[in-house]
Amino acid sequence: MEVFDTVAGLKRYRDGLTGVVGVVPTMGFLHEGHLSLVRASLAGCDHTIVTIFVNPTQFGPGEDFDRYPRSTDRDLRLLDETGADAVFLPSSAEMYPPGTDTFVVPGTIADRLEGSARPGHFKGVATIVLKLLNLTRPSRAFFGQKDAQQLAVIRKMIADLDVPVEVTALPTVREADGLAMSSRNSYLTPSERAAAPALYRSLCLAESMYTGGERDPDEIKRRMAELLAAESLLEPEYISIADSVTLDELTFIDSPALVSLAVRLGRTRLIDNTPLPPSDY
Ligand code: AMP
């Protein structure tokens, strides 16, 4: 496995590649969710490049940039074992040399939900993803459904800016008790970890209400909030049922929808989501 920490090194490597290149952008501290994307790329592409970069521009002031978990040696070992061809792990200075002041500003899809809770977050995400796509020039890029709004913002950017890449989304990989795998789960204390599967249970409740014929988003959100309220450690930030493409909040569920939520558990902020109708994943 080749490892690069400079743009120049990555570009030289990329220039030598022919065939289908797949890229898997990550912030590291890898888990099975990330590795499922790497495996999908390996299965569908001739070369798989994984990027590991904790992108400062997508963190707001007071967010967890400084304490975001990092484990480079372990990540490299996992990627080597999984069969990735190359890893790009640049420094912040390498990605944002002094004087960098051009950014991608996503449209209205980035204003709501995570965008409203984390102003500027998706500007940072869209900018780094476009830079990584420009550097790796992949035919295919792999992202997780776990970050559904991020995926929607990236799809919109790729469509609006005519970026020549095909996006593949992969289902959320979960722990045995339903908690969506996330690097941030490592922040949880044992009691917070015990409370965290309530997010998944609330999504399952939404799915079963929908399957039972309920189409009123307010009623589903009310019952989800009730379920979450039973966990005293858990503070919901938002519960949303929105159109799955525009992320406009729905007043009646008559088109494919995304149920998503953000909660705080102590100092940790967790997000999760599920599509309606429930998918077969
Ligand atoms: P991150 O390192 O958290 O920025 O995530 C990198 C990529 O992995 C993104 O496309 C995420 O959506 C995806 N990802 C994160 N967690 C999961 C998960 N539990 N299942 C599937 N994909 C995930």
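This is a short tour of selected helices and strands, with something to select at each stop. The model you have open is predicted.

**Stop 1: two helices that cross**

Select residues 121–136, which make up helix 6. Add residues 148–160, which are helix 7. The two helices pack at an angle of about 55°, and their axes lie 10 Å apart. That angle makes helix 6 oblique to helix 7. Turn the view until one helix lies over the other. The crossing of helix 6 past helix 7 is right-handed.

Now show the side chains where the helices meet. On the helix 6 side, pick Phe 122, Val 125, Ala 126, Val 129, Leu 130 and Leu 133. On the helix 7 side, pick Gln 149, Gln 150, Val 153, Ile 154, Met 157 and Ile 158. What kinds of residue make this contact: nonpolar, polar or charged? Ten are nonpolar, two are polar and none is charged.

**Stop 2: one residue in helix 6**

Stay with helix 6 and select Thr 127, which sits in this helix. Is Thr 127 buried or exposed? Its relative accessibility is 4%, so Thr 127 counts as buried; the cut-off for buried is under 20%. Next, look for its contacts. Set aside the neighbours within four places in sequence, and Thr 127 touches Thr 102, Phe 103 and Val 104.

**Stop 3: strand 5 and its partners**

Move to residues 140–144, which form strand 5. This strand is mostly covered, with four of its five residues buried.

Add strand 2, residues 21–26. Strand 2 and strand 5 run parallel and are joined by two bridges. To see the pairing, pick Arg 140 in strand 5 and find Gly 22 opposite.

Then add strand 6, residues 166–170. How many bridges join strand 5 to strand 6? There are five, and these strands run parallel. Keep Arg 140 selected: its bridge partner in strand 6 is Glu 166.

A general point helps here. Strands in a sheet pair through backbone hydrogen bonds, and the pairing can be parallel or antiparallel. The next stop shows the antiparallel kind.

**Stop 4: a sheet of three strands**

Select strand 7 (residues 234–243) and strand 8 (residues 257–265). Add strand 9, residues 268–276. The three strands form an open sheet in the order 7-8-9, with antiparallel pairing. Strands 7 and 9 are the edge strands, each pairing on one side only. From one strand to the next, the twist averages 15°.

Helix 9, residues 198–211, packs on this sheet. Helix 9 touches strand 7, strand 8 and strand 9, and its direction makes about 20° with that of strand 9.

Now zoom in on strand 8. Eight of its nine residues are buried, so strand 8 is largely enclosed by the rest of the structure. Nine bridges join strand 7 to strand 8. In that pairing, Ala 242 stands opposite Leu 258 of strand 8. Nine bridges also join strand 8 to strand 9. Here, pick Ser 260 and find Asn 273 opposite in strand 9.

**Last stop: the turn of the hairpin**

Follow the chain from strand 8 to strand 9. How many residues lie between the strands of this hairpin? There are two. Select Gly 266 in this hairpin, where Gly 266 takes a positive phi near 60°.

Technical notes. Residues are numbered from 1 along each chain as its sequence is written. This is a predicted model: local features need pLDDT of at least 70, side-chain atom pairs count only at pLDDT 80 or more; totals for chains, interfaces and linings use all residues. Side-chain values use heavy atoms; hydrogens and water are left out. Axes are lines fitted to C-alpha atoms, for helices over the stretch in contact, and angles run from 0 to 180 degrees between N-to-C directions. Angles under 35 degrees count as roughly parallel, over 145 as roughly antiparallel, 65 to 115 as roughly perpendicular and the rest as oblique. A crossing is left-handed if the near helix is turned anticlockwise from the far one by less than a right angle, and right-handed if clockwise. Contact means heavy atoms within 4.5 Å. Ala, Val, Leu, Ile, Met, Phe, Trp, Tyr, Cys and Pro count as nonpolar, Asp, Glu, Lys and Arg as charged, and the others, Gly among them, as polar. Buried means under 20% relative accessible area, exposed over 50%, partly exposed in between (1.4 Å probe, protein chains only). Two strands pair if DSSP finds at least two bridges between them.
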